Each structure stands twice: as C-alpha cells, then as structure tokens.
Amino acid sequence: MDKWDSFTNFITLLLVFLHAVIIILVSFRVITKRRSASISLAWLSVIYTLPFAGVVIYLIFGELYLGKKRVQRAEAMFDPFTQQINQCAAPYLVPYDENNRSLVTPLRELIHGRFKMPGVTGNQLMLLTRPHGILEQIIADINAASQVVYLEFYIWAVGGKADEVAVALINTAKRGVDCRVMLDSVGSSAFFKSHWPLQFKRAGIHLIEVLPVGPMRIFFHRQDLRMHRKLIAIDSHVGYTGSMNLVDPHVFKQDAGVGEWVDIMIRMQGPIIPITASLLEFDWEMETGESLVKNMLVKCKESPVFDEKSHVQMIPSGPYVDDDNIHQVLVSAIYSAQKSLILTTPYFVPDEALQAALKTASARGVKVQIILPAKNDSRMVDYACKGFFEELLACGVEIYQYQNGLLHTKSILVDNELCLVGTVNLDKRSFWLNFEVTLLIDQSPFIAELYQLQLSYIAHSHKVCLTQWQQRGRVQRFLESVFYLFNPLL
C-alpha cells in the first residue's frame, strides 16, 4: 500500500509539474503574440481556469493558422492577383480630384493601400430584399449563363427554393457551362451529406468543401476559421453579394425560435464583375491549387459599362495574416461620419476601438442608430451583445431591436453618402477569423434605396430606452457580465 501511495503521489506531482510547465510556456506564447490586452487576458483566464483543457482549447482555437499550403499559395498569388486586377480596372477607375476630396476619398485610399483593390465606376446595382425574389433572379441568371458560373457561400441549405438553384446549376452545367461551387465545410455540412454532391458530380459541376474540419485536421489548420463569403459571378456580366446564404427562409431553421431570416443581396453589373470573378478564382486556387486565371483582361473588356456610374470598391478580408485591415476600414468609416450613422448587424460584439468610435461619433453630434434582431440564434452572442447596451445608450446611441425575424443584413450607412455592405458582422469573428467580402459604395441610387430599407427596419423595431433597460433583472445582468467578460473570444 505504501508503494502504491508513493507511486500515485509521484504521478500527481509529475502531472502538476507538467501542467505548470505547459501553462508557463503557453502563457509566454499568448503574451508574445502581442494581440489586444482583452483578447490575451481572456485566453489566459481560460488557460488558468481549465486545467489542461484550457491549453488544448487555446492550441486548437487560440491562434490564426490557415494551413501551410493555403498560406504559401495566398502569399505567392497576392501580388500577381492585385496587379492584374488593377490593370483590368484601369479604364474604369473612380475619378480622383485632389482639390475636391470627398467624404469617401480617405476610405478609398485606405482600402487601396491595405488591400490593393481599386474603386471602379460605370456599375449598375440592384438592391434585392425578397428572399424568393432573390433566388428567382439568381436562377434566371444561371439559366442565361454561357461561359462560367462561380458560386461561393457559407451555407447552402437543402430544401425549398434553394433546391431550384441546384437544379438550374445542373442544367446549366449539362449545357457545357463551367460551373464551380465553393461551400464552407461547417456552414454547409448538411448539404455535403445530402444527395446533391453526387448529382453535381454527375452533371460535371466542380464542388469544393472549403476549410474542411475533423480530428486529424486539427494539426494542419485552426478549425474555427470559416469561409463566410456570399459571392456569385456569372460570365462577365452579372454578380451577387450580400448577407443572404443559399437558403429558403421559409424552411431554413424554422425550429430556432427566431423567425425567418431577413437578408439582402446586391445584383451587380459593370466593371466590378471581373473583379468579383477574380476573387472567386483566387479563393479556388488558394483552396485547391488549381489556377483558373486565363485572360483577365479579356474578361474586363467583355464587361459592360452603365450610365448609372455607381462607384464600387470590393474589400476582401480574411485570416491570410494576423492583421486587422477590415476592422480599420470599419472604424475609419465610423470616424468619418459628420451627420448620421445607421448600422445593421445580427451579431454585435464590438471591440474597444469600435465601441469607442461609436461613442465618440455620438459625442460629436452624429446621430448613431444601431438596428439588431430582437431574437438571436446564438444565446451567448445575444448576452454578450446586450452587455454593451447600457454604456452605448448612456452616450446617446440609439439601439433598435427588430421584431419581424432575425435581421441578418450587414450594413453601415454614413451621412447618406456612402455605405459598406456585405458579409461582415460587427464582431471579432468577422474581423479576424472569417473570410469575408464587403462593398464600399457611393455616388449611387443604391444609397437612397438602402436608407429607405433601414428606415423600414426601424419602423418594425422596438427602441431600447435607457431607463427601462436599467431596470432589467439581476440574472440578465449577471449573464451579460459573464459573456461580456469573454466577448473577446466569441
């Protein structure tokens, strides 16, 4: 018995020693990564609170690691990719007047400086807000395709009118059109388990599972990095982006208790389309190693130019490297506001810089309105989000809770002159972990249409009152505080 006790004591001491060494080493790594203090402290709390498990969680989710092959491809492709895009866009660049710098000029310069993406004019934009109307328009454009159809989505949900998109794509591929589909492994997991992948293969459609997950893949790339883009490019003439996944809201997540998802898509035509197609080709090559770039300049010459002349600049973002480029653009847009800001997002978990920008804008006399869904499909995010309400309300920020479903539109409207719209949520996941795409739009009738849409969201919302909010229950306050503490990790 004494020998057994000695052995168990030895094992216990050894485990304690190993745990201490591991914690010290991982803590040193967390500190030397030089991220924001809130993120580092949140990870240190997890590591010290959960013996061994905290270290494992950090190693799986704590660092941006896209995978060696993807990183090498992205780095090798970036300069040629951006050079070709800028050469392609040269005839259609947004006019620049050094003596008349508009509200959007600094933002446009920041985007080009960070992402090397040009702003182009001569585009025509259509704001689509009805889910079935969106899917019907996509189906019609796919049926009219003659050369290529590229699609990239976070979620393709089986059922309803989304299945009609699949049928249209199969029929188009059988006509000899090059059809390629990129879907996120997690977001579209049900689709990959359905009968559609086999039907796609038989029709000659190229289907790729982006950022696949699994126990063995933990060692090759971080498992919660997601392809969150929603993009379509058809020939050189039509493209789509926005907040809507390839889903039919009438059947999608009906048991979630949040109502139907409320989304928008933007149907684009003009010189922005070759840039859209090029981004899809970049993602395809980064994921597969197969190059689709044949002659980008030919594609540019085939793209029509419209009298509407909407100015559009595409902003692709993602965890290529550990930076905060899209975050800088969003914060800069908020600081540029002089009169009004209207923001819509389903997931609002801002960091200190974004929160400070909103409070500062309100203090400067800017009318700041944030529209959020009243019910959220993520309970943790919902509590973390509400943990910011009191401080923002006290600074004069207006917060509205949309009542007619899960408001999923992601947009920022600045002074009714420019907007940022696309797939980016106002949370840290979108800033640093997801592949996203955003459009900077100005000098376009689209701006007025978006403003009217946002006003309709407000009309169907409940305005949060500071005095009433301060009377919420203690349990609600406690849960908000808990998830607010760990919001850097959400």
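Is Thr423 buried or exposed? In this predicted model, Thr423 is buried, and its relative accessible area comes out at 0%. As for where that puts Thr423 along the chain, the residue sits in the loop that runs between strand 17 and strand 18 (426-427). Its side chain has a polar partner in the side chain of Glu436, at 2.5 Å. Setting aside anything within four places in sequence, the contacts of Thr423 take in His228, Arg229, Lys230, Thr241, Gly242, Lys410, Ser430, Glu436 and Val437. Another handle on this spot is the C-alpha separation between Thr423 and Phe435, which is 9.1 Å for two residues that are twelve apart along the chain.

Glu436 also turns up in the surroundings of Asn434, since the side chains of Asn434 and Glu436 are joined by a polar contact of 3.1 Å. Asn434 belongs to strand 19 (residues 434-442). With a relative accessible area of 3%, Asn434 is buried, because the cut-off for that label is anything under 20%. Beyond four places in sequence, Asn434 touches Arg226, His228, Ser317, Gly318, Pro319 and Arg429. His228 is thus on the contact list of Asn434 and on that of Thr423.

Now to the cavities. The structure has three of them at 30 Å³ or more, and the largest has a volume of about 70 Å³. Thr423 is one of its lining residues, together with Leu330, Thr344, Lys410, Ser411, Ile412, Leu420, Val421, Gly422, Val424, Leu426 and Thr438. Two elements give two or more residues to this lining, namely strand 16 (411-414) and strand 17 (418-422). Of the elements involved, strand 17 gives the most, with three residues. By class, the lining splits into six nonpolar residues, five polar and one charged.

The second largest cavity comes in at about 40 Å³. Around it are Pro346, Leu372, Pro373, Ala374, Asn376, Asp382, Cys385, Lys386, Phe389 and Gln401. At least two lining residues apiece come from strand 13 (367-373) and helix 14 (379-386), and helix 14 has the largest share, three residues. This lining has six nonpolar residues, plus two polar and two charged.

Gln355 is another polar residue worth a look. Gln355 is part of helix 13 (residues 352-363) and has a relative accessible area of 7%, so it counts as buried. What does its side chain pair with? The side chain of Glu391 makes a polar contact with that of Gln355, at 3.3 Å. Outside the window of four places in sequence, the contacts of Gln355 are Pro350, Phe388, Glu391, Leu392 and Tyr484.

The backbone has a couple of oddities too. Most residues other than glycine have a negative phi. Leu211 goes the other way, with a positive phi of about 50 degrees despite not being a glycine. Its place is the loop between strand 4 (206-210) and strand 5 (226-227), and Leu211 is buried, with a relative accessible area of 0%. Asp415 is a further case, with a positive phi near 55 degrees. Asp415 lies in the loop between strand 16 and strand 17, which are the two strands that each give two or more residues to the lining of the largest cavity. At 8% relative accessibility, Asp415 is buried as well.

Last come the aromatics, where the count is eleven ring pairs. In one of them, the rings of Trp196 and Phe200 have centres 6.4 Å apart and planes at 55 degrees, so the pair is tilted. Why are these two about one helical turn apart? Trp196 and Phe200 are four residues apart in helix 9 (residues 196-203), so about one helical turn separates them. Both Trp196 and Phe200 are buried. The two also belong to a wider cluster, in which ring pairs link Trp156, Phe191, Phe192, Trp196 and Phe200.

Methods. Residues are numbered from 1 along each chain as its sequence is written. This is a predicted model: local features need pLDDT of at least 70, side-chain atom pairs count only at pLDDT 80 or more; totals for chains, interfaces and linings use all residues. Side-chain values use heavy atoms; hydrogens and water are left out. On a 1 Å grid over the protein atoms alone, a cavity is a set of points where a 1.4 Å probe fits but cannot get out, and a pocket is an open set with protein on both sides within 12 Å along at least five of seven lines; lining residues have an atom within 4 Å of a point. Grid points are joined across faces, edges and corners, and a volume is the space filled by probe spheres set on the points. Ala, Val, Leu, Ile, Met, Phe, Trp, Tyr, Cys and Pro count as nonpolar, Asp, Glu, Lys and Arg as charged, and the others, Gly among them, as polar. Buried means under 20% relative accessible area, exposed over 50%, partly exposed in between (1.4 Å probe, protein chains only). A polar contact is a pair of N or O atoms within 3.5 Å; within protein, one must be able to donate a hydrogen and the other to accept it, and residues adjacent in sequence count only if both atoms are side-chain atoms. Contact means heavy atoms within 4.5 Å. Rings of Phe, Tyr and Trp (its six-membered ring) pair if their centres lie within 6.5 Å; planes under 30 degrees apart count as stacked, over 60 as edge-to-face and the rest as tilted.
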